[in-house]
Amino acid sequence: EEGDYVKAQRKIDESESLLVPAFEYADNDLRSYFRSWPRWKTWIDTTITESRTNQDYSIIVDKFSRKLVLYYSGEPLISYKAELGKNWVGDKRVRGDKATPEGMYRITKKFLHDSTTYYKALLLDYPNEEDTAIFEGMMAKGQLPKNAKIGGMIEIHGNGGKGSDWTAGCIALTDREMDSLFSKVKIGTRVTIVGSMYSLNNVLKR
């Protein structure tokens with residue numbers, strides 16, 4: 001508007017010099033995140049097949065989409081909005097890292113109002129044998145601090161609806177959604193947590 005085209009061009013050039021590396025960093029970060037897609041896809045297919053074969057409920061948590069999907073007989077029944085650990089990107093490594101783990105788990109306990117601070121809760125069998133083996137392998141290779149300990153007490157629980165990722169690694173739903181989920185699942189119900197239910201190409205298309 002002021003006719004200062006030289007200054008405007010300089011600002012455009014400066015913007016481009018910032019945007020290009022920012023885009024490249026974000027692109028590399030996203031591709032790195034989805035490197036585990038083949039493993040996630042295997043877990044998803046196994047979980048859905050198990051639900052269909054047993055004509056029973058199963059749960060898949062999609063961390064990237066912040067969704068908890070309840071399946072019945074292999075078909076998606078209800079989708080809930082999920083809130084995760086503060087450091088949800090990537091798999092859980094050690095106790096206290098506030099990361100939500102990835103893997104195939106089962107519900108081991110159901111806690112009512114008087115047994116949890118989070119309204120209601122479904123305790124998962126994290127860490128399972130695979131988690132323990134990975135942790136021990138990383139410790140043996142010196143990839144973790146010597147005083148590191150494996151995490152535990154990962155739950156699907158209430159008190160959600162805050163609109164952000166705030167848990168210590170658990171999956172939070174609103175109390176109303178927790179009532180709905182709690183009434184349908186049982187001890188032994190499969191809970192599979194993945195980085196994404198969709199490949200990177202599908203995510204970009206969506």
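This passage describes the sheet of the predicted model and the two helices, helix 2 and helix 3, that pack against its strands. Residues are numbered from 1 along each chain as its sequence is written. Because the model is predicted, local features need pLDDT of at least 70 and side-chain atom pairs count only at pLDDT 80 or more, whereas totals for chains, interfaces and linings use all residues; side-chain values use heavy atoms, with hydrogens and water left out.

Eight strands form an open sheet of mixed pairing, in the order 3-2-1-8-4-5-6-7. Helices (H or I, at least four residues) and strands (E, at least two) are DSSP runs numbered from the N terminus, and two strands are taken to pair if DSSP finds at least two bridges between them. Strand 3 (75-81) and strand 7 (171-172) stand at the edges with a single partner strand each, so one side of each is left without a neighbour in the sheet.

Strand 8 (residues 190-194) pairs with strand 4 (residues 103-111) in the antiparallel sense over 4 bridges, and arginine 106 stands opposite arginine 190 of strand 8. With strand 1 (residues 57-62), strand 8 pairs in the parallel sense over 5 bridges; here valine 194 of strand 8 is the bridge partner of aspartate 62. Helix 2 (residues 37-54) packs on the sheet and touches strand 1, strand 2 (67-72), strand 4 and strand 8, contact meaning heavy atoms within 4.5 Å. The direction of helix 2 makes about 160 degrees with that of strand 8 (axes are lines fitted to C-alpha atoms, for helices over the stretch in contact, and angles run from 0 to 180 degrees between N-to-C directions).

Strand 4 also pairs with strand 5 (residues 121-124), in the antiparallel sense and over 4 bridges; leucine 123 in strand 5 is the bridge partner of lysine 109.

The buried residues of helix 3 (residues 129-140) are Asp131, Phe135 and Met138, buried meaning under 20% relative accessible area and exposed over 50%, with partly exposed in between (1.4 Å probe, protein chains only). Seen down the helix axis, these buried residues fall within an arc of 65 degrees, so they line one face of helix 3; the arc is that of the directions from the helix axis to the C-beta atoms. The buried residues of helix 3 pack against strand 4, while the face turned away from the buried side carries the exposed residues Glu129, Glu136 and Ala140. Just after helix 3, glycine 142 takes a positive phi of about 75 degrees.

Technical notes. The expected span of a helix is 1.5 Å times one less than its number of residues.
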